Each structure stands twice: as structure tokens, then as C-alpha cells.
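Visitor: I would like to learn how to read the inside of a protein model. Could you take me through it step by step?

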Amino acid sequence: LAQALDIKPLDTCEISCILTGMAAAIAVSATPADEPPARRRKISLEESQSKGAAPEKSEGVAVSLLGPPYRWLQIDCRCYFVENLYVRAVDAYFTLPRLDATEAEFWSANDGGERFDVATRSRILVEAKAEALRRASIPEVYLKNASLIRAAYKPRSPELFPPHEVPTAGPVRLPESPSGGLLWPAVAPGLEAAEVFAPKFLEIWRAAQAGQSLPEALKHVHDSCFESPLFTRDFCMRLKGELQHFKAQDLPHQRPNSMNRNGCILNEIGFGPLMDRIIMLYLLPVCNQLYPEYLEHGQLSSHHSFIVDYAVGQDTSLGVHDDNSEITLNVALSEDYSGGTLALYHRARVAHPQRLEKKPYHHRVGLGTMLLHPGELLHEVLPLTAGERQGLIVWLRSDAYRKEHGCALCRRTDGLMYPPTTEGGSEA
């Protein structure tokens, strides 16, 4: 990271803070207390990374936001700050050699510049630098927002915000009912599985948990893509109602990712523990059956869970891309819209997916239906023409897979920045 950005080297403690969010548990300011307020509010790219993006004090509220076995915010490779920078105006990705790169230096690191006129080339450089700065600020902004939200937000449905205890990181051994079937655990205190999950999904889960063949309710629809009912309609409406209630509070929150401008990061606004339980207790056994090649010993290392919103006059489409995940979960939270179809292509990690020849599989499902697919599958959202489209997206990640096969973005292993391990192989 220091070489990429031409800044002082980071020691292992600083890198650990950036990656695991351990700074979230330390109520200290991001800059010295004797610096002027204006200086403390504006953090540069280099400072954000070199300081480990520690949060400012939050009105005396001690919050443990991130912790084992999950990291809800995981920046795990040096390339994140300087490569695959998305510029919406031209629907393309770029590399930024360094923050103060000249236009000549920028285009020497990126091909295809001859396709754009002079004004567009200048605009691309400006937007690439802005995206690099946004990414550098994510950890600090995330921790600040999450602390404020936890202190100030009054949920409409408190059962969706369980305590921060995280379920076991491995497959759960469950007791059997008197009739011989496996008993499903509560999703959270006061939130039973039958309230959350569709009956057909619970059949799929029961079979996966018992190591049996998965029922026909789980359909293979495309290249390693699987569809099935997931959530009940009532749970979808409860979740959507909570999201609307949150947005009405006008609390700060970040955009989901570099490509989607509308939506929110669920882990940032307090849904991390609920998503932990949904993933670890219910989705992991199914993923182990479907994608053993991506999961080392049935383990996941982190998840990035977020909501994406599309509406006429706002985001109406999403360009061709793969995901920064090993496995992606996509759940439909709306169905009354026109256009906005999900186009699925083939598996590929390439620098410019827009330039590939692709044959689409058009996928559209009803409320509460899930699609599981490899993160490396190229896909896009075609233009929405009427109504509003909303989806729940979860990127599931495995450190072990990346250590062997490389970062999902740059496909290299030499840039991975994981916390140091002990002699026994666990994180220090």
C-alpha cells in the first residue's frame, strides 16, 4: 500500500486496524485533540490509510462494531485503493498510479484512452481520484456512522437488531425433534425461523444440514447459479419497513459500493448481527453443498451485506461486473416494476468485462426469492423503465480461498493484507 501511494510504510498494527476494524473499540479521535476542528474533519487519502482510520469520539458510547469470527468491513488487498476504480460516466474501470498522478501518467497506466476526447479524458482522471479518496475514507466514515446510528437510532422492529454475540463459525450441530427431524434454531431472540424463511427454503436447509441431497425447490438456472424461495413475504415487508423507517431518520450512511449510489450498507446501520445469524446458521450449510471449492473447511471469513435501490430518475441500471466475493447472495425485495432484469453471463475475472462478447441469461424472480452465484460470474442490471426495484445483496468471502487463488479484484496474492497469524495459524 505504501509503495502504491508513495507514503510512509504501514506497520502491522496499523494494517490490522484498517483490516479488522479493531480501532472501532477504541474511543479515540482520528487526529490529535489539539488540532483545529476544520483540520480534524478533513482527512486526506494518505492520512486515512496511514492512521488506520480510527473513529472520532462518539458521545461516550463504547461500541464494539467489528469482531471475530466476522469482519463486517474488510479491505483485504492493496489494490482496493488504486485499481478497479469505477467511473460511471463511461462505465469503465481504471488504475490510479498515485493520488497526484498527471494525466499523462494516468493514461500510461490505463489502455483505451484514445477512445475518449480530451474533455472526457480529463473528467475520467478527476472521477478516478475522487473514487480513490472515497475508498480511503470508508473505514473512518463507516465507524463514525455506525457509532452514531447505534447511539441514536430507535428501531421500528427491535427483534431485527439482536445482540452482537456471533454464532459459531462452523456448521451447527442441531438437536432432533421427537419425530426425528432436525430442529431449526431461532434466527434471533424473538424472531423464529418460520417467521423469516419460506417453508421450501427450510426444507433445503434441513437437507443441507443433514448432508442429504438438496430438494428440487433449489433450481439450477445458469452457470453455477441457484434459485429458491428464501424469505417469507411478511419478513420482506418487515425488513423493507425498517429500511424506510431508517431512511426517514436522516442519519448518515454510505452508499453500498462504487457502482450503486442508492441504498445502504446493512452492517453499517446495525443489521450486522442479524445477517451473521442468517448466514452462519442457515445459508452456510447450503453454500457448503453448492460451492465447496470456494469454502475452506466450510468457513467464511467476512460478509458485506447491502441494499441496492433502482428508480426512474436515479440509478436505473448497473453495468457489467463481477463481485468482490467468493459467493454472492441476491434476494429480490420488490416485484412491481418494469425492465430492470438481471442479466447473467459467464464466470470471468477480467479488467474490462464490458468489452467481452457475452450471451445473457435473463433472470427475474418474485419477492423473497434468492439467487446464489459465484462472485466471479459476470452480470448486470438492465435498464429499469417503470416502478422501483430493490434488492438485498450479500458478498460472502473466504480468506483461505484468496490466500491460494488471489484477490477477487486484482487476482494476485502479493497484495493481500491479512492480520498476522500465531504459530497455530489463528489470527493474532
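**Cavities, cores and backbone angles**

Guide: Let us begin with an enclosed space: in this predicted model, the lining of the second largest cavity receives at least two residues from each of β8, β12 (369-374) and β14. The volume of this second largest cavity is about 150 Å³, and among its 18 lining residues Asn-330, Ala-332, Tyr-337, Val-365 and Arg-389 lie nearest the centre.

Visitor: How is the lining of the second largest cavity divided into nonpolar, polar and charged residues?

Guide: Eight of the lining residues are nonpolar, eight are polar and two are charged.

Visitor: How does one find such spaces, and how many cavities of 30 Å³ or more does the structure hold?

Guide: The general idea is that a probe the size of a water molecule, rolled over the atoms, shows where empty space remains. Here the structure holds four cavities of 30 Å³ or more, and the largest cavity contains about 710 Å³ of space. Its lining is made up of 43 residues, with Asn-257, Ser-258, His-304, Asn-324 and Trp-395 lying nearest the centre. Elements that give two or more residues to this lining include α6 (118-152), β6 (302-311) and β14 (384-397), and β14 gives the most, with five residues. By class, the lining of the largest cavity has 20 nonpolar, 14 polar and nine charged residues.

Visitor: Turning to the packed parts, which residues touch the most other members of the largest nonpolar core?

Guide: They are Phe-197, Phe-231 and Phe-271, in a core of 58 residues. Among the elements that each supply at least two residues of this core are α8 (199-209), α9 (233-248) and α10 (272-290), and the largest share, twelve residues, comes from α10. If neighbours within four places in sequence are left aside, Phe-271 is in contact with Leu-160, Phe-161, Leu-239, Glu-242, Leu-243 and Leu-266. There is also a second, separate core of 19 residues, which includes Trp-72, Cys-77, Cys-79 and Leu-143.

Visitor: And the backbone: which sign does phi have in most residues other than glycine, negative or positive?

Guide: In general, most residues other than glycine have a negative phi. Asp-91, however, has a positive phi, near 50°, and Asp-91 sits in the loop between β1 (85-87) and β2 (92-94). Arg-411 also has a positive phi, near 65°, and is found in the segment after α11 (399-405).

Visitor: Are Asp-91 and Arg-411 buried or exposed?

Guide: With a relative accessible area of 27%, Asp-91 is partly exposed, and Arg-411, at 38% relative accessibility, likewise counts as partly exposed.

Definitions and conventions:
Residues numbered from 1 in each chain as written. Predicted model: local features only at pLDDT ≥ 70, side-chain atom pairs only at ≥ 80, totals over all residues. Heavy atoms only, no water. 1 Å grid on protein atoms, 1.4 Å probe; cavity = no way out; pocket = protein on both sides within 12 Å on 5 of 7 lines; lining within 4 Å. Points joined across faces, edges and corners; volume = space filled by probe spheres on them. Helix = DSSP H or I, 4+ residues; strand = E, 2+ residues; numbered from the N terminus. Nonpolar A, V, L, I, M, F, W, Y, C, P; charged D, E, K, R; others polar. Core = buried A, V, L, I, M, F, W, Y, C linked by side-chain atoms within 4.5 Å. Buried < 20%, exposed > 50% of the residue type's maximum accessible area, 1.4 Å probe, protein only. Contact = heavy atoms within 4.5 Å.
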